[in-house]
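Subject: Structure handover and what was found in it

Dear colleague,

I am passing on the structure that you will find just below, and I would be grateful if you could look through it alongside the notes that come after it.

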Amino acid sequence: MSDVSKPLWRRVLRRTGILVSTVATAALAVGMVAGGSSLLSARAVKIDAGTVAPPTPVRVQSLEVVSGYQVPRRFVGQIEPPRKTDIGFEQGGTVTSVLVEEGQTVTKGQILARLDTRSLENQRDVQIAVRQSLEAQAELAKLTTERQQALEARGFSATQAFDQARLTLAGLEAQIVQTEATIAGIEITLDKTMIRAPFDGRIGARLIDEGTTVGGGTPIVTLFEAGPARMRVGLPPDLAATLTPGAEIAVRLAGQTLTARLDSLRPDLDPRTRTRAVILTLEPTDWIYGQTASVELVEQVVARGAWVPLPALKEGTRGLWTVLTMRPDGRAGQEAVEVLYADENRAFVRGTFQDGTHIIDSGPHRVIQGQQIAKIGE
């Protein structure tokens, strides 16, 4: 039977039942929501009323403000021989022999090279012959002078003849002296055709071979003096001024740390590097000249600040850093700091803190400014 054919009261009753059922369902749902909300609120009130967050445990340390800090500095220098010279002949000529090889050890005065001396030897022989001739003439003049003197004494010879013989002898003797001086000069020149070692040492480079015609001053060999080596290193003027001759300085060379003695400080600055050269003397050994080594020094920097552990730093704004502090009220504070120097474990900083300030030495990311904290170590 359709709804239209049903009596009117049945249709009204049916719709009324549906409406009551819907209202009852909605009321039940509202009641359940309200009941759940009340239960949650009651539990929340119970938790808030009964629980207080404990202070965050942190490790702290006390800052000690000092007037400066030390910075290890490393400077590279070069190993040098005590003396080095490029040896050549004073006068030119043809090289007939070079008597040393590279790396050879030589002693002072040892002959290193020679020039062709045939022309000089010929000149010397000529002068020797001239001297012999003059000596013969001088001998005759001497005898003549003696005879003229005897004849003059007995009145058989004029005074003029005696004076002439005497002056002839004097002239010949003067020529002999001149000839001997010429021979001595040739001997000196002959001696200079040989290069001798000016000191004990080792040959570095052999620059010329036999048969080469060289001019005066042309280097033939390079000679390094034997003895304790030196190290030359450029230092900043302020740091060099703190050193004194005779001081012992650590030198790092070929993986070893050696002790060198400060020999001298140059009084000028290098115009290119604006550094002051310092000369160190190393222990006697078989050094390789030209090898690089480093000097390890400690520079004292004057600055007011304190050392803090690296984990205590927290990046701030505008290139600054911050450290968290523990205030007297037990809450976390914050101080801005500037890092002046840092090594692997700590940093030297300056900032707004005071001597004795307690800072959180690690894990500053776990704490915010104003948070209640508790000290667990210092």
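The notes below go from the whole chain to the sheets, the cores, the aromatic residues and two single residues.

Please keep in mind throughout that this is a predicted model. The protein chain has 378 residues, of which 30% are buried, and its secondary structure consists of four helices and 22 strands. Among the contacts with a separation of 6 or more, 74% are between residues 24 or more positions apart. The accessible surface of the chain comes to about 23,600 Å², and carbon and sulfur atoms account for 54% of that surface.

Turning to the sheets, one open sheet has four strands in the order E8-E7-E5-E10, with antiparallel pairing. Its edges are strand E8 (194-196) and strand E10 (213-214), and each of these has a single partner strand, so one side of each is left without a neighbour in the sheet. Within this sheet, strand E7 (residues 111-115) is paired with E8 in the antiparallel sense over three bridges, and Ile 111 stands opposite Arg 196 in E8.

Another open sheet, also of four strands and with antiparallel pairing, follows the order E4-E11-E9-E6. Here strand E4 (84-88) and strand E6 (105-106) are the edge strands, each pairing on one side only. Strand E9 (residues 201-206) runs antiparallel to E11 and is joined to it by four bridges, and the bridge partner of Arg 202 in E11 is Phe 224, a residue that returns below in an aromatic pair.

As for the interior, the largest nonpolar core has 23 residues, and Met 231 and Leu 280 are those with the most contacts inside it. Two or more residues each come from E3, strand E12 (230-235), helix H4 (237-240), strand E13 (248-253), strand E14 (256-269), E15 and E16, with E14 giving the most, namely four residues. If the neighbours within four places in sequence are left aside, Met 231 is in contact with Gly 77, Gln 78, Ile 79, Val 251, Val 278, Ile 279, Leu 280, Leu 282, Ala 293, Ser 294 and Val 295. There is also a second, separate core of 18 residues, which includes Val 95, Leu 115, Ile 220 and Leu 223.

The structure holds six aromatic pairs. In one of them, the ring centres of Tyr 69 and Tyr 341 are 5.8 Å apart and the planes stand at 20 degrees, so the pair is stacked, given that planes under 30 degrees apart count as such. Tyr 69 belongs to strand E3 (residues 66-80) and Tyr 341 to strand E19 (residues 332-342), so this pair ties together parts that are 272 residues apart in sequence. Both Tyr 69 and Tyr 341 are buried.

A further pair, Phe 224 with Tyr 289, is tilted, with 5.3 Å from centre to centre and 40 degrees between the planes. Because Phe 224 lies in strand E11 (residues 219-225) and Tyr 289 in the loop between strand E15 (276-281) and strand E16 (292-309), the pair ties together parts that are 65 residues apart in sequence. Phe 224 counts as buried at 19% relative accessibility, under the cut-off of 20%, whereas Tyr 289, with a relative accessible area of 30%, is partly exposed.

Tyr 69, Trp 307, Tyr 341 and Phe 348 form one aromatic cluster, and Arg 346 lies over the face of Trp 307, at 3.7 Å from the ring centre.

Finally, here are the two single residues. Ala 306, in strand E16, counts as buried, with a relative accessibility of 0%. Not counting residues up to four places away in sequence, Ala 306 touches Leu 63, Glu 64, Val 65, Ala 347, Phe 348, Val 349 and Phe 353. The C-alpha atoms of Ala 306 and Gln 354 are separated by 9.6 Å, the two residues being 48 residues apart along the chain.

Arg 147 has its place in helix H2 (residues 118-154) and counts as exposed, at 51% relative accessibility. Between the C-alpha atoms of Arg 147 and Ala 165, which are 18 residues apart along the chain, the separation is 9.3 Å.

With best regards

Methods. Residues are numbered from 1 along each chain as its sequence is written. This is a predicted model: local features need pLDDT of at least 70, side-chain atom pairs count only at pLDDT 80 or more; totals for chains, interfaces and linings use all residues. Side-chain values use heavy atoms; hydrogens and water are left out. Buried means under 20% relative accessible area, exposed over 50%, partly exposed in between (1.4 Å probe, protein chains only). Contact means heavy atoms within 4.5 Å. Accessible areas come from the Shrake-Rupley method with a 1.4 Å probe; for residues, only the protein chains shown count as cover. Rings of Phe, Tyr and Trp (its six-membered ring) pair if their centres lie within 6.5 Å; planes under 30 degrees apart count as stacked, over 60 as edge-to-face and the rest as tilted. A charge sits over a ring if NZ of Lys or CZ of Arg is within 6 Å of the ring centre and within 35 degrees of the ring normal. Two strands pair if DSSP finds at least two bridges between them. A nonpolar core is a set of buried Ala, Val, Leu, Ile, Met, Phe, Trp, Tyr and Cys residues joined through side-chain atoms within 4.5 Å.
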